[in-house]
Amino acid sequence: MSNLPDKFTRRRLRSSYISVVVSISLVLFVLGLFGLLVINARVIANEVKENFAITVLINNDAPEVEVRQFQKSLELTPYVKTTEFISKEEAAAELKEELDEDFMDFLGYNPLLNSIEVRLKADYVNEEQLTFLEKEYSKKSFVNEVVYDKPLIQMMNENIERIGLFLIAGSILLSLIAIALINSSIRLSIYSRRFLIKTMQLVGATKTFIRKPFIWRSLRHGLLGSLVALGFLTLLIYYVSLNVPGFTELQNPVKLALLYTGVLLIGILISMSCTFFALRKYLKLTTDQLYY
């Protein structure tokens, strides 16, 4: 019969430890998922920006050598990602396909011009840089006009900025929620052992001696919870990669490694720090206060 209370106590402790690990795993999984969203939002935003093209229209009488040299010089600049020369014949064929009608039969000639499509690197796709490039390209004697969608650029950058602010605010809020939930679970776990802590104090154990096993246990819980969360996150990434074409190509191994490291460290640090502060509270309580 004397073993029954011990078994009951051990069962309760095991249950509290499992609940702590599960809480840490779930919270860190959601936090990692949000981190993955932040990383991919940035990558997708850069992809959208780098697909935006500036069209440099070339005069029909422009020397081919100068045009090719101009295109080559563009490719060598640090802010240009790619360039593509489009002849007026290619442009006419594309327009004919879009209109589903041969407009040259009606006009009797091809009114389009040769052009160079310039795609910039993401960091340079902004109004100031585009205005500067428009002025620079227009100085060339063979350039007829520089064309790009100014309202689209403004709207795109504003929306990306709003999404970025939302993700930052969401990350901060989610981090605070994660800390609160993990802290609550750990406090409940330590609360169930408050009498043991006080007994150890009464027999002369130092605060450092009492803290040590709890801190080590919290480290193991934090590590285990982090690994479980990262396992589920890996399975999710694998599943999405199988079902969403192009998702794998968007992933940056370095950023993913940083995300995994961050989730692991956050799980361990939050678990250990919450345990430390919860213990400090119960180490200060008197025996009578343990009942309230």
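**Note on helix H7, the cavity and the pocket**

1. The buried residues of helix H7 pack against H6, H8 and H10, and since this is a predicted model, that packing is to be read as a feature of the prediction. The residues concerned, within a helix that spans 194-202, are Arg194, Ile197, Lys198 and Met200. Viewed down the axis of H7, these buried residues fall within an arc of 155°, so they line one face of the helix. Just after H7, glycine 204 adopts a positive phi of about 100°.

2. As to the overall architecture, the protein contains 10 helices and 4 strands, and their order along the sequence follows the pattern α-β-α-β-α-α-β-α-β-α-α-α-α-α. Of the contacts in the protein with a separation of 6 or more, 84% are accounted for by residues 24 or more positions apart.

3. On burial and surface, 37% of the 292 residues of the protein count as buried. The exposed area of the protein comes to about 18,200 Å², and carbon and sulfur atoms supply 63% of that area.

4. With a threshold of 30 Å³ or more, the count comes to 1 cavity, and the space in the largest cavity is about 110 Å³. It is lined by 12 residues, of which Ser189, Ile190, Arg217, His221 and Thr275 are the closest to its centre. At least two lining residues are supplied by each of four helices, namely H1 (3-50), H6 (150-191), H8 (207-243) and H10 (253-284), with H8 contributing the largest share, 4 residues. By class, the lining of this cavity divides into 5 nonpolar, 5 polar and 2 charged residues.

5. The largest pocket, with a volume of about 270 Å³, has a lining to which H1 and H6 each supply at least two residues. The residues that line this pocket are Val38, Ala41, Arg42, Ile44, Ala45, Val48, Ile160, Glu161, Ile163, Gly164, Leu167 and Ile168. By class, the lining of the pocket comprises 9 nonpolar, 1 polar and 2 charged residues.

6. For a reader going through the model, H6 is a useful element to follow: the buried residues of H7 pack against H6, H6 supplies at least two residues of the lining of the largest cavity, and H6 likewise supplies at least two residues of the lining of the largest pocket. H8 and H10 can be followed in a similar way, as the buried residues of H7 pack against both helices, and each of them supplies at least two residues of the lining of the largest cavity.

Definitions and conventions. Residues are numbered from 1 along each chain as its sequence is written. This is a predicted model: local features need pLDDT of at least 70, side-chain atom pairs count only at pLDDT 80 or more; totals for chains, interfaces and linings use all residues. Side-chain values use heavy atoms; hydrogens and water are left out. On a 1 Å grid over the protein atoms alone, a cavity is a set of points where a 1.4 Å probe fits but cannot get out, and a pocket is an open set with protein on both sides within 12 Å along at least five of seven lines; lining residues have an atom within 4 Å of a point. Grid points are joined across faces, edges and corners, and a volume is the space filled by probe spheres set on the points. Ala, Val, Leu, Ile, Met, Phe, Trp, Tyr, Cys and Pro count as nonpolar, Asp, Glu, Lys and Arg as charged, and the others, Gly among them, as polar. Buried means under 20% relative accessible area, exposed over 50%, partly exposed in between (1.4 Å probe, protein chains only). The arc is that of the directions from the helix axis to the C-beta atoms. Contact means heavy atoms within 4.5 Å. Accessible areas come from the Shrake-Rupley method with a 1.4 Å probe; for residues, only the protein chains shown count as cover.
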